[in-house]
Amino acid sequence: MNHGGAGSQKGKMPNSAEYLIWLVGTCLEAAVVVCSLRRKIFVRYFFVNLYVLVDFGVSLGRFYVLGHEGQSSATYRYFYFYSDALLVIALFFSIISLYAYVFEELEIKRHVRLGAIVLLAGTSLFSYAVVSQSSSRLSTRFALELSQSLYFVGLVLTYVLWGAILKLRETRALLVQLVLSLGIYFSASAAGYAVSNLQPHFESYVRYLMPVMGSLLPLSWAYAFWRVPDGARLAPARLAAVPR
Amino acid sequence: MSRRLASVLLAMLVLTAAMGLKTVVAKHTSDRTLVAGGVAPYPTPLPDSPN
C-alpha cells in the first residue's frame with residue numbers, strides 16, 4: 001500500500017497486516033527478555049537473550065530506516081541484509097550456548113567451543129570462496145552468503161542437538177522447549193523458503209509466513225521463560241519411546 | 001581418537017551437511033533469501049543478488 005504524499009516518494013511501504021505482525025513480533029521479543037529478567041535466568045541463558053535483544057534492536061533499526069527510506073529503497077535493502085548477517089551470527093552463538101548446557105554434565109565445554117570456532121571459520125571460508133570471483137559488492141555478497149550458509153549450519157546444528165537430547169535422555173523442560181521451538185522455527189522457515197522457490201505463486205503467502213514464524217519463536221521462548229521453572233524435569237517417556 | 005579431533009570432525013560433518021542441504025533447498029532459486037528471525041517486511045532483493 002502506498003501512503004500518499006511522502007509515501008509515494010519513498011516507494012512501496014508495508015501493508016497494515018505486515019505492520020501488525022511486525023509490531024506483535026517486536027513486542028514478543030521484548031517479552032522474552034522481560035520474562036527471563038523477571039525469572040532471574042537472564043545470565044544463565046545469556047546468548048539466547050542476546051540474540052533476542054539483537055533481534056529487538058534490529059527490528060527498531062529496520063523500522064526507522066523503512067520509515068525514512070521505504071521498503072524498496074537501497075538503504076533499507078542494505079540495512080536489512082547486513083543486520084540479518086549480524087542476527088544469524090547471534091543465533092549461531094545462542095545455539096552453541098544451548099550445546100554447552102546440554103553437554104555441561106559431560107564437561108566438554110572446551111571441545112564445544114573448539115567445534116564452534118572451526119564451524120564458524122569453515123562457514124566463513126566457504127562463503128568467501130563462493131563470492132570471491134565477484135568483482136563488485138564483495139562485502140555485500142559475502143554478508144548475504146555468510147548469513148545464508150550460517151542459517152543452514154544452524155538448522156543442522158539444531159537437529160543434531162535434538163538428537164543428542166533424545167540420546168542423552170535430557171529431561172530439563174526449559175532446555176527441551178527452547179531447542180524444540182528453534183527446531184520447529186528452522187524447519188518451517190526452510191520449508192516455506194523451498195515452497196516459495198518451487199511454486200512462485202505461493203510467494204504472496206510466504207511473504208506473511210516468514211514474519212509470522214519469526215514472531216512464534218519469541219512467543220514460544222517467552223512462554224518457556226515465563227511458565228516453565230528452571231529446575232522442571234520431563235518424564236523421559238514423554239521425549240521418546242525406546243524399544244525394548 | 002581424541003575428543004579434540006572428534007569435535008573438529010563433527011564440525012566438518014555439520015558444515016558438509018549444511019552446505020548440501022542449502023544446495024538442495026535453494027536449487028530452484030528465487031529472489032528471496034532465508035533470514036535469521038526478524039519480523040520486518042522483506043525488502044526488494046538486490047539487483048545482482050547471488051541467491
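## Trp221(A) and its surroundings

In this predicted model, Trp221(A) is in contact with Val32(A), Val52(A), Leu178(A) and Ser181(A), leaving aside its neighbours within four places in sequence. Trp221(A) sits in helix 8 of chain A. Trp221(A) counts as buried because 28 C-beta neighbours fall inside 10 Å, and 20 are enough for that label.

Which residue lies 186 places from Trp221(A) in sequence but 9.2 Å away in space, C-alpha to C-alpha? The residue is Cys35(A). Cys35(A) is among the buried residues of helix 2 of chain A.

Leu178(A) has its own set of partners. Leaving aside its neighbours within four places in sequence, Leu178(A) is in contact with Val48(A), Leu98(A), Trp221(A) and Ala224(A).

## The nonpolar core

The largest nonpolar core has 71 residues. Leu98(A), Val153(A) and Leu178(A) touch the most other members. Helices 2, 3, 4, 5, 6, 7 and 8 of chain A each supply at least two residues of this core, and so does helix 1 (3–25) of chain B. Helix 4 of chain A gives the most, with 16 residues.

A general tendency is worth recalling here. In soluble globular proteins, nonpolar side chains tend to be buried together.

## Helix 2 of chain A

Helix 2 of chain A has 23 residues. From its first C-alpha to its last, helix 2 reaches 32 Å, close to the 33 Å expected at 1.5 Å a residue.

Which residues of helix 2 of chain A are buried? They are Ile21(A), Trp22(A), Gly25(A), Thr26(A), Leu28(A), Glu29(A), Val32(A), Val33(A), Cys35(A) and Ser36(A). The buried residues of helix 2 pack against helix 3 and helix 8 of chain A. An α-helix has 3.6 residues a turn, so residues three or four places apart point the same way.

## Two loop residues with positive phi

Most residues other than glycine have a negative phi. Lys40(A) is not a glycine, yet has a positive phi of about 60°. Lys40(A) comes just after helix 2 of chain A, in the loop between helix 2 and helix 3. Buried or exposed? Lys40(A) is exposed, because 9 other C-beta atoms lie within 10 Å, and 12 or fewer give that label.

Arg169(A) is not a glycine either, and has a positive phi of about 55°. Arg169(A) is found in the loop between helix 6 and helix 7 of chain A. Arg169(A) is exposed, with 12 other C-beta atoms within 10 Å.

## Where chain A meets chain B

How many residues does each chain bring to the contact? Chain A brings 57 residues and chain B brings 36 residues. On chain A, helix 2 (16–38), helix 3 (46–69), helix 4 (74–102), helix 5 (109–131), helix 6 (138–167), helix 7 (173–198) and helix 8 (203–227) each supply at least two residues of the side that touches chain B. The largest share, 14 residues, comes from helix 6 of chain A. By class, the side of chain A that touches chain B has 31 nonpolar, 18 polar and eight charged residues.

Chain B has one helix and zero strands. Of the 51 residues in chain B, 33% are buried.

## Overall build of chain A

Chain A has eight helices and zero strands. Along the sequence, its pattern reads α-α-α-α-α-α-α-α. Buried residues make up 41% of the 244 residues in chain A. Take the contacts in chain A between residues at least 6 apart in sequence: 69% of them join residues at least 24 apart.

The C-alpha atoms of chain A fill a box of roughly 65 × 45 × 35 Å along the principal axes. The radius of gyration of chain A is 20 Å, which agrees with the value near 18 Å for a compact globule of 244 residues.

## Confidence

The mean pLDDT of chain A is 85, and 91% of its residues reach 70 or more. Within chain A, confidence is highest in helix 3, at a mean of 93. Confidence is lowest in helix 1 (residues 6–10) of chain A, at a mean of 49.

Over residues 1–8 of chain A the pLDDT is below 50. Beyond near neighbours in sequence, this stretch has eight contacts in the model. Where pLDDT is low, the predicted coordinates should not be read in detail.

Conventions: Residues are numbered from 1 along each chain as its sequence is written. Chains are lettered from A and ligands numbered from 1 in the order in which they are written. This is a predicted model: local features need pLDDT of at least 70, side-chain atom pairs count only at pLDDT 80 or more; totals for chains, interfaces and linings use all residues. Two residues are in contact if their C-beta atoms, placed from the backbone, lie within 7 Å. Helices (H or I, at least four residues) and strands (E, at least two) are DSSP runs, numbered from the N terminus. Ala, Val, Leu, Ile, Met, Phe, Trp, Tyr, Cys and Pro count as nonpolar, Asp, Glu, Lys and Arg as charged, and the others, Gly among them, as polar. The expected span of a helix is 1.5 Å times one less than its number of residues. A nonpolar core is a set of buried Ala, Val, Leu, Ile, Met, Phe, Trp, Tyr and Cys residues joined through C-beta atoms within 7 Å. The radius of gyration is taken over C-alpha atoms; the globule rule is 2.2 Å times the number of residues to the power 0.38. pLDDT is the predictor's confidence in each residue, from 0 to 100.
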